[in-house]
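Here are a few exercises to work through with the model open beside you. Try each task before you read its solution.

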Amino acid sequence: MIGIIDVGGGMRGIYTSGLFDYLMDKGISFKYYLGVSSGSANLIAYAAGQRGRTYRFYTKDAFDKSFMGLGAYFKTGMIMNLDRIFANPLEGDNAPDYDSFMKADFRFTAVSTHMKTLSPAYFGKEELKPDDFTALKAAAAMPVACRHPIKYKGESYFDGGLSDPIPYKKAFEDGCDKVIVCITKPEHERKTILPWYIVKPLLIQYPNVADSVLDLHTKYNEGVDGALRLQEEGKVLVVAPRECFGINTITRDLDGLNKLYQLGYEDGKKIEEFVIANEQYV
């Protein structure tokens, strides 16, 4: 079995929108999907066969001022208004195809982080309801960007990238023979530590979470390095943009977004070639 992972990255996620639109155009799907943070939302559209859905989100919906920015943060406590993304998911012109997603034969997992233990929590598609995608909101609430954790089934959660940012080990544990890891930064780029004088005050209520955020770059960098080592052995394919055209986590620049999407679409061929070369696992 070949599994595919989307590690998220805020607005840089338009890169994987391009990847997945290419794969849908080629009729390529998988039996295993694993999402981190916003990567989970991208994978839902891909798994449900909704070509162009996430592209419209990044180039249209995300430009609504109530969705992202300081205004959203002061009003909702979230730099990206997750309530806008995941509340009442069946409403609106760009809603996910819940029925297709649930009926199709594949395994879907979203990674979250339990606030108290800081250990990974993995939510399957059975956690999602037609009018309730709270499990995905819990998987996408990055500390600092979100002032408070997300409550789900009596527990509190933050973004899965905090505990398992490059979860290829989970994919292998779940039975994958080969894993495709889609990241949204050039593979040679490494994350750097966030300034403590920003992290500590914003997370003063959650000191253990603040400490974990300050070590996030270590987990991410080790994860990418580990995936690249397995790529040399033929077990993993790492797909990443050669550049991001000025797009970062919260950048709203339509020209840069379109360029990054187009690059993702072109890079989709790398995944197609990997699948063809490993067709015995499809």
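**Exercise 1: a strand pair**

How many bridges join strand 7 (residues 178-182) to strand 8, and do these strands run parallel or antiparallel? Then work out which way the side chains of strand 8 point.

Solution. Keep in mind that this is a predicted model.
- Step 1: start with the pairing. Strand 7 and strand 8 are joined by four bridges, and they run parallel.
- Step 2: pick one bridge. Val181 has Val238 in strand 8 as its bridge partner.
- Step 3: follow strand 8 (residues 236-239). Val236 and Val238 point one way, Leu237 and Val239 point the other way, and all are buried.

**Exercise 2: helix 2 and the cores**

Find out how many residues of helix 2 (residues 38-47) are buried, then see what Tyr46 touches.

Solution.
- Step 1: check the cover. In helix 2, 10 of its 10 residues are buried; among them are Ser38, Asn42 and Tyr46.
- Step 2: look just past the helix. Gly49 follows helix 2 and has a positive phi, near 75°.
- Step 3: place Tyr46 in its core. The largest nonpolar core has 70 residues, and Tyr46 is one of those touching the most other members, along with Ile4, Phe30, Ile180 and Ile271.
- Step 4: list its contacts. Leaving out residues up to four places away in sequence, Tyr46 touches Ile4, Phe20, Leu23, Met24, Ile28, Ser29, Phe30 and Tyr33.
- Step 5: look for another core. A second, separate core has 21 residues, including Ile166, Val179, Val181 and Ile183.

**Exercise 3: the cysteines**

Decide how many disulfides the structure holds.

Solution.
- Step 1: recall the cut-off, a pair of cysteine sulfur atoms within 2.5 Å.
- Step 2: apply it to Cys176. Its nearest cysteine sulfur belongs to Cys182, 13 Å away, and Cys176 is in no disulfide.
- Step 3: turn to Cys182. This residue is in no disulfide either, with the sulfur of Cys176 13 Å away.
- Step 4: give the count, which is zero disulfides.
- Step 5: add the burial. Cys176 counts as buried because its relative accessibility is 6%, and Cys182 counts as buried because its value is 0%.

**Exercise 4: positive phi outside glycine**

Locate Leu118 and Phe245, and give the phi of each.

Solution.
- Step 1: Leu118 is in the loop between strand 3 (107-114) and strand 4 (120-124), and its phi is positive, near 60°.
- Step 2: Phe245 is in the loop between strand 8 and helix 12 (254-277), with a positive phi near 55°.
- Step 3: Phe245 counts as partly exposed because its relative accessible area is 25%.

Definitions and conventions
Residues are numbered from 1 along each chain as its sequence is written. This is a predicted model: local features need pLDDT of at least 70, side-chain atom pairs count only at pLDDT 80 or more; totals for chains, interfaces and linings use all residues. Side-chain values use heavy atoms; hydrogens and water are left out. Buried means under 20% relative accessible area, exposed over 50%, partly exposed in between (1.4 Å probe, protein chains only). Helices (H or I, at least four residues) and strands (E, at least two) are DSSP runs, numbered from the N terminus. A nonpolar core is a set of buried Ala, Val, Leu, Ile, Met, Phe, Trp, Tyr and Cys residues joined through side-chain atoms within 4.5 Å. Contact means heavy atoms within 4.5 Å. Two strands pair if DSSP finds at least two bridges between them.
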